[in-house]
Structures are given as C-alpha cells and as structure tokens.
Amino acid sequence: MTVSTTDPLTLSSFDGLLDDEERMLRDAVTDFAHSELAPHVQSWFDAGTLPAKELGPKFGELGALGMHLEGYGCPGASAVSYGLACMEIEAVDSGLRSFVSVQGSLAMFAIHHWGSEEQKEKYLPGMAAGTTLGCFGLTEPDAGSDPASMKTRATREGDEWILNGTKMWITNSPVADVAVVWARTEDGYAGFIVEKGTPGFSAPEIHKKLSLRASITGEIVLDNCRVPDSQRLPKVSSLRGPLTCLNEARYGIIWGALGAARDCITTALEYTNTRQVFGKSLSSFQLSQAKLADMSVELNKGVLLALQLGRLKDQHKLEPHQVSVGKLNSTRTAIAIARECRTLLGASGITLEYSPLRHANNLESVLTYEGTAEMHQLIIGKALTGEEAFR
Ligand code: TGC
Ligand code: FAD
C-alpha cells in the first residue's frame, strides 16, 4: 500500500505516545497558531517587529504563559504539554516561541522559583494573563557564554540597591513592563525585578537583525538605578539563580526548534510534490527522496528524545546536562533540516513566501542563545568525563 503524508512525524507514530489531554492541548495550540499567528508572521518578519502588547493577552488566554507553573493564575500543565505547545508555536516562527519562553520560562519562572510570596502575588497573575510583559537580563556586551564575568553591579545602600551596568541582546526589553535583571553583589550574584519607568532604567531597541526578526530585542541600561530591597529575589545569591531559569527555557527550545524543522519538511514535501522538473514531479527523484527521508528520520529521532526528556521532567528527574543533550541535538538538527529544505525549493526558497529560509535564519539565534552549541558540548563533556573545560 502506498501512503503519502506531509506530516513527517507519522513515521514514528509519534501521536500514539501522547495521552488524550496532551493531544487536546497540542491541538488547541495548533488552532491558535494557524488562526492568530501564521497569517501575520511573514509581515512581522519583513517589518522586523512583533505586536507584543497585542499578542501578550492572546497568548495569556491560550494559557501559554507560564504554562508549566503552578498557582498565581498559571495553568500548571505538564512539561510534555508545554513542550508540545512550544513545538506548535515555533512551527510558525522561532520569534513567537521566544516570546513565550522569555515570559514564562525565564521572567515568570525566576519570580516563581526565587521570588517572595509578595512578589509572586504582585507580578505573576498579570504575567500569566499577558497584560504584564517581562524580560530577563543576564547577557552583557562582554559576558555572554560566561555570565560569571558580568560587570553589572548592585551596591547596597540602606534599604535600597543601586544598579549599574548594561545588558545586551535582551528579548522583549523595549516592551517589557518588568525586567528580571541579574547583577554581581559583594557576596555573589542577585536578581532584581525592575519596573519600567524606574529612574535610571532604559531599554533601547536593537535594529537591523537578520535573524529572529519577528521578535523585539534590546539592551537594558542601568544608570544608578535605585530599587528597594523588596525588589530583590530573596531566595538566591549565586549564579544558580539565573542558570536554573535557563534549564526551563532550554527545555522549551528542545521541542520548539523541532517544530520549525517539521514545518520546513512539510513545506518541502508540498513543494516537491507539485514542482515539475525534467517532465515529472521533483518528489519522484531519488535524490529528493533521499533528502526527505534523511531529514524525516533525524526529526523523528529528535522528537522521540524530546519526549523522553519531557517525561523525565514530569517525574522531576531531568538533569541540567540532559537538557543540554536535547538543546544541542534539536538546534543542530533543525538548522540542518531548514537549510536542506531550502535547497529543495530552489530559487523560490529564498523568498519570504516559503518558510525554510526564515526558519534557518531564526535558528541561527536559537543555536546561539540559551547557551551556544559549544557551551552545551562542554556541559555534556563535563558530565561524561568529570573534567570541566569551560576555562
Ligand atoms: P558553575 O560554577 O558551573 O555554576 C555556578 C552555580 O550554578 C549552578 N549551576 C546550575 N544550576 C542549575 N542549572 C544549571 N544548568 C546549572 N549550571 C550550574 C552550580 O551548581 C553553581 O551553584 P552554587 O550554588 O554552587 O553557586 O558556573 P560557571 O561559571 O562555571 O558556568 C557554567 C556554564 C558555562 C555552563 C554556564 O555559565 C552557562 O550555561 N553559560 C551559558 C550562558 C547562557 O546560556 N546564557 C543564556 C542567556 S538567556 C537567553 O539566552 C535567553 S534567549 C531568549 C529565548 O529563550 O527565547
Ligand atoms: P560569546 O560568548 O562571545 O561566544 C562567541 C563564540 O565563542 C561562540 O561560538 C561560543 O560558543 C564560543 N565560545 C565562548 N566560550 C567558549 C569556550 N569556553 N570554548 C569554546 N568556545 C567558546 N540573553 C539574555 O540574557 N536574555 C535574553 O532575553 C536574550 N535574548 C536573545 C535574543 C537573541 C535574538 C540573541 C541572538 C541572543 C539573546 N541573548 C539573550 C543572548 C544570548 O544568550 C548570548 O548571545 C549567548 O549566550 C552567547 O553569548 P555571546 O553572544 O556573547 O557569544
């Protein structure tokens, strides 16, 4: 029997590994992505912007913000459900998954995990609803892969802290109502919730990006910015604070990047089925089929790994180095698939009309942020050998 499909995940009967609730939630996100995101993504990418303030409440209503967090207006979904949502959102565009990751896995998670009861009650319900936007400032112009070398300083003066420094490449900083900012202190590192409008805080936008164009990126400039001690996240005073948050966002990327890859393969299948070359369909040539088969095998392997990691996370057994295994695999696999799919589309593949090159360009950022591929190799290398090779 010959069966043709444009969903490469049927090769591993992936859907059969999910339960009814996971499938239902995934399908709701797919519907939302098709109706609210996909029709606009080309124009957002083309214009190099995103209507973040309008999208926030829509994502909030969907339950996508802080989806896997409990209480304070958060949906409390499973890690696998959250992963599936990331996959469907990033199948439209990595910039949109970034929006969800930064809000839920970074800014909200930081407050949820390391914040006081008062901070959680004050900020999380609005953030879950998407009416309060957050960002997460760790990276600096001279401290990306090595956040321990950050220069941003927090100096205590009575009941206040004075913040000085610059954060760079911060998703959503120009539109955020609250920024979770990490700084060095006399005793280690600390996280602060800084509200927009606080004197000494500004967040200029970074323009002319060639990647993640449907996402707003900026700096955070702290110039003698004073915040009360009640804005400090009280439960952590080491780099463990921000790095714990990164595990959450990296986990979402494991699934998300594969969503982008799946969309590329689907697009390539549809295109090669109809494109005629040398008198027959492009999909009928052995070289096309070899590419489509190899890419689909890699995608299925990646998704099965993502599911295993998700099941471990739901059992509270997922280790940070295992998150690195998934992040490294998904991002490398996805970018290779996106580039290969582009070749199958020929010249049409270089336009915005088709998704593979847009995804490939986005995946350059996804490969770099949340720990570069090299950082994840080093984290896995340390887990295997017991030897640290970062420095
Ligand atoms: P190291 O000495 O190993 O650790 C310092 C403290 O942190 C703890 N720790 C972790 N805790 C939880 N999860 C992890 N993954 C952790 N890794 C380390 C560690 O136990 C220790 O705790 P304590 O209490 O004893 O102090 O730190 P190191 O300076 O040697 O750095 C290790 C390294 C290189 C792996 C780390 O710095 C790293 O991961 N670098 C990459 C930086 C990065 O990923 N930045 C991402 C910025 S955010 C972003 O990109 C958002 S993109 C937007 C979007 O997602 O869409
Ligand atoms: P560098 O650390 O300078 O690395 C440059 C190269 O050197 C890389 O290939 C790296 O792998 C390699 N390298 C570094 N150290 C080693 C080593 N020890 N051994 C071998 N190779 C090494 N950050 C935030 O805090 N919040 C955000 O919201 C955020 N959003 C982002 C959005 C976008 C679109 C992008 C592109 C980035 C974002 N980032 C954000 C920043 C991101 O996390 C950093 O870019 C990333 O951590 C890498 O840091 P870097 O760019 O300074 O590169």
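User: Which atoms in the side chain of Thr 139 are 2.7 Å from a nitrogen atom of ligand 2?
Analyst: The partner is an N or O atom of that side chain. This is a polar contact, a pair of N or O atoms within 3.5 Å; within protein, one must be able to donate a hydrogen and the other to accept it, and residues adjacent in sequence count only if both atoms are side-chain atoms.

User: What kind of model is this, and how are things numbered?
Analyst: The model is predicted: local features need pLDDT of at least 70 and side-chain atom pairs pLDDT 80 or more, while totals for chains, interfaces and linings use all residues. Residues count from 1 along each chain as its sequence is written, chains are lettered from A and ligands numbered from 1 in the order written, and side-chain values use heavy atoms, without hydrogens or water.

User: Back to ligand 2. Which polar backbone atoms does it meet?
Analyst: A nitrogen atom of ligand 2 is 2.7 Å from one in Trp 169. An oxygen atom of ligand 2 is 3.0 Å from one in Leu 138.

User: How much of ligand 2 does the protein cover?
Analyst: 66% of the 980 Å² of accessible area that ligand 2 has on its own. Such areas come from the Shrake-Rupley method with a 1.4 Å probe; for residues, only the protein chains shown count as cover.

User: How many residues surround ligand 2?
Analyst: 18, and the closest are Thr 139, Ser 145, Trp 169, Thr 372 and Glu 374. A residue counts if one of its heavy atoms lies within 4 Å. Nine are nonpolar, seven polar and two charged. Nonpolar means Ala, Val, Leu, Ile, Met, Phe, Trp, Tyr, Cys and Pro; charged means Asp, Glu, Lys and Arg; the others, Gly among them, are polar.

User: OK, ligand 1 now. What's in its shell?
Analyst: 27 residues, with Ser 98, Asn 247, Arg 250, Gly 371 and Arg 391 the closest. By class, twelve are nonpolar, ten polar and five charged.

User: Which helices supply at least two residues each?
Analyst: H4 (94-114), H6 (240-274) and H10 (373-385). H6 gives the most, with six residues. Helices (H or I, at least four residues) and strands (E, at least two) are DSSP runs, numbered from the N terminus.

User: Which polar contacts does ligand 1 make?
Analyst: A nitrogen atom of ligand 1 is 2.8 Å from an N or O atom in the Asn 247 side chain. An oxygen atom is 2.9 Å from an N or O atom in the Arg 391 side chain. An oxygen atom of ligand 1 is also 2.9 Å from a polar backbone atom of Glu 370.

User: And how much of ligand 1 is covered?
Analyst: The protein covers 76% of the 1100 Å² that ligand 1 has on its own.

User: New topic. How do E4 and E5 run?
Analyst: Antiparallel, with five bridges joining E4 (residues 153-157) to E5. Two strands pair if DSSP finds at least two bridges between them. Glu 157 has Glu 160 in E5 as its bridge partner. Ala 154 has Leu 163 in E5.

User: What's between those strands?
Analyst: Two residues, in a hairpin where Gly 158 takes a positive phi near 65°.

User: How many bridges join E5 to E9?
Analyst: Nine, and E5 and E9 (residues 217-228) run antiparallel. One pair is Trp 161 with Val 227 in E9.
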